[in-house]
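Me: Pick one part of this model and give me a close look at its geometry, then work outward from there. Keep it informal, but spell out the cut-offs behind each term.

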Amino acid sequence: MDGKRILLIVGGGIAAYKSLELIRLLAKDGIGARVILTKAGAEFVTPLSLAALSGDKVYQELFSLTDEAEMGHIELSRSADLVVVSPATADLMAKAANGLANDLASTALLATDKPVLMAPAMNVRMWSHAATKRNVAQLRADGVTVMEPDVGPMACGEFGPGRLPEPEAIAKQIRAMLSGPTGIGPLEGFRAVITAGPTREPLDPVRFISNHSSGKQGYAIAEALARLGADVRLVTGPTQLPIPDGVTAIRVETAVEMNDAAKSQLPADIFVGVAAVADWRPATRAQGKLKLKGGTEEKVALQLVENPDILKSIGTRKKDRPRLVIGFAAETNDVEKHAKGKLTRKGADWVIANDVSGDVMGGTDNEVLLVSKAGTERWPRMAKAEVALKLADRIAAHFFDPESSAAE
Ligand code: CTP
């Protein structure tokens with residue numbers, strides 16, 4: 001990791017002192033830190049300690065003539081490989097989610113062109129407040145990686161989620177984000193947007209409609225493309241899987257959120273729709289938990305409305321259509337025929353079709369067809385990770401060696 005550097009924004013909170021430990025841990029791995037200390041942060045930790053540990057000056061003012069002369073705030077925001085906000089306070093997250101830029105920290109967050117990681121720390125009520133939840137969802141939709149805070153006793157005497165994750169956990173996340181593609185893969189400079197996992201369509205605060213998708217195939221494709229150097233944005237529904245190294249995840253729940261998040265990551269060169277998007281959502285979402293009538297066995301009607309078709313709306317885009325749009329087709333019969341239908345209907349360049357009548361959903365193996373306008377290729381049964389590697393290889397070949405790109 002030698003030569004990598006983060007821009008560390010230290011917000012105001014009792015956990016600000018943990019940034020000293022974080023800088024020390026990173027230094028052990030050869031990762032440098034340049035620090036921005038907010039006004040509130042300076043109430044909890046001194047610029048002197050931060051400067052001593054980081055071996056660099058600490059930046060505090062937006063309108064400082066000396067700072068600007070040495071390094072402008074725009075340059076500062078781009079001088080690192082990764083921007084890390086720790087502790088990320090409710091206020092800093094609210095500003096970043098809304099694009100405010102009225103001090104050095106918020107300006108750097110708006111001006112940066114680098115990936116951003118936030119490690120939140122705040123009172124449990126502040127963390128669970130609807131406004132903070134909205135801001136966190138917005139930040140994630142914008143491609144920011146927001147860690148989950150730790151659960152435990154808080155400095156204010158309350159108990160719950162809101163504690164800053166341990167410095168070792170933040171350092172681990174930083175290492176993973178920095179160990180991504182380093183500029184040697186064929187897809188360096190290409191952006192890929194991938195949807196993966198199921199979506200959840202809420203009926204009321206405790207119930208939802210969903211499906212058995214595990215996300216394994218989509219995550220494997222995200223990882224394979226990142227290994228080839230692509231800047232991968234993984235828009236994912238709820239899954240149990242870890243985010244692969246070097247991949248930026250945007251977590252969503254519903255199809256409508258997935259649609260918005262996928263579009264917010266365009267323009268891109270490659271789009272791969274792997275998600276098992278719920279085709280319908282309940283027409284209304286009850287505010288309170290729906291109640292039983294009580295043993296009447298009366299039929300209850302559930303009204304559904306169709307969800308947006310994400311693949312179709314991206315495949316048929318006039319402006320900013322990714323150069324290669326790939327869909328998946330989960331079929332139980334007439335696999336090739338249905339896949340060809342989806343290829344045309346959804347404006348995709350390729351459709352990867354599989355037969356889900358067996359144990360594919362949630363299983364580790366997959367047996368697929370690659371269907372394009374030029375023809376159909378049948379791949380032997382292999383692990384989902386191998387399907388992903390083979391597909392990533394085909395994608396790279398499509399851009400650089402069209403001759404060898406199959407089915408074209
Ligand atoms: N897809 C999508 N948005 C939807 C539904 C599907 O982006 N609302 C994408 C999937 O990610 C996949 C492809 O479309 O890449 C095909 O999904 P599939 O479920 O097989 O097809 P459907 O359009 O749902 O058609 P049907 O259920 O009739 O087979």
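Reply: First, what an axis is here: a line fitted to C-alpha atoms, for helices over the stretch in contact, with angles running from 0 to 180 degrees between N-to-C directions. Helices (H or I, at least four residues) and strands (E, at least two) are DSSP runs, numbered from the N terminus. Keep in mind that this is a predicted model, where local features need pLDDT of at least 70 and side-chain atom pairs count only at pLDDT 80 or more, while totals for chains, interfaces and linings use all residues. Residues are numbered from 1 along each chain as its sequence is written, and side-chain values use heavy atoms, with hydrogens and water left out.

The part I'd zoom in on is a helix pair. Helix H10 (residues 216-227) and helix H14 (residues 384-400) have axes that come within 8 Å and cross at roughly 45 degrees. Under 35 degrees counts as roughly parallel, over 145 as roughly antiparallel, 65 to 115 as roughly perpendicular, and the rest as oblique; H10 and H14 are therefore oblique to each other. As for handedness, a crossing is left-handed if the near helix is turned anticlockwise from the far one by less than a right angle, and right-handed if clockwise. The H10 and H14 crossing is right-handed.

Now step off the end of H10. Gly229 sits in the loop between H10 and strand E12 (231-236). Buried means under 20% relative accessible area, exposed over 50%, and partly exposed in between (1.4 Å probe, protein chains only). Gly229 has a relative accessible area of 6%, so it is buried.

From Gly229 we can hop to Arg175: the two are 54 residues apart along the chain, and their C-alpha atoms are separated by 17 Å. Arg175 has a salt bridge, meaning a side-chain nitrogen of Lys or Arg within 4 Å of a carboxyl oxygen of Asp or Glu. Its partner is Asp29, at 2.3 Å from N to O. Arg175 lies in helix H9 (residues 167-178) and Asp29 in the loop between H1 and strand E2 (32-37), so this pair ties together parts that are 146 residues apart in sequence. Arg175 is partly exposed at 22% relative accessibility, and Asp29 is partly exposed at 27%.

That contact is one of 20 salt bridges in the structure. Others sit inside a helix. In H1, Arg24 and Glu21 meet at 3.2 Å, N to O. They are three residues apart in that helix and therefore separated by about one helical turn. Arg24 is partly exposed at 39%, as is Glu21 at 32%. The general background: an α-helix has 3.6 residues a turn, so residues three or four places apart point the same way.

Helix H5 (residues 90-98) has an intrahelical pair too: Asp91 and Lys95 form a salt bridge, with the closest N and O atoms 3.7 Å apart. Being four residues apart in H5, Asp91 and Lys95 are separated by about one helical turn. Asp91 is partly exposed at 48%, whereas Lys95 counts as buried at 13%. Lys95 has company in that respect, as Ala90, Leu92, Met93 and Ala97 of H5 are also buried. After H5 comes Gly99, with a positive phi near 75 degrees. Elsewhere, Arg5, Arg34 and Asp56 are linked in a salt-bridge network.

Speaking of backbone angles, most residues other than glycine have a negative phi, and most peptide bonds are trans. Here are some exceptions. Asp320, not a glycine, has a positive phi of about 60 degrees; it is found in the loop between helix H12 (310-315) and strand E17 (324-331) and is partly exposed at 33%. Asp334, also not a glycine, has a positive phi of about 45 degrees and lies in the loop between E17 and helix H13 (335-345).

On the peptide-bond side, Ser86 to Pro87 is cis, with omega near -5 degrees, and Pro87 is in strand E4 (residues 82-88). Leu266 to Pro267 is cis too, with omega near 5 degrees; Pro267 falls in the loop between helix H11 (255-264) and strand E14 (270-273).
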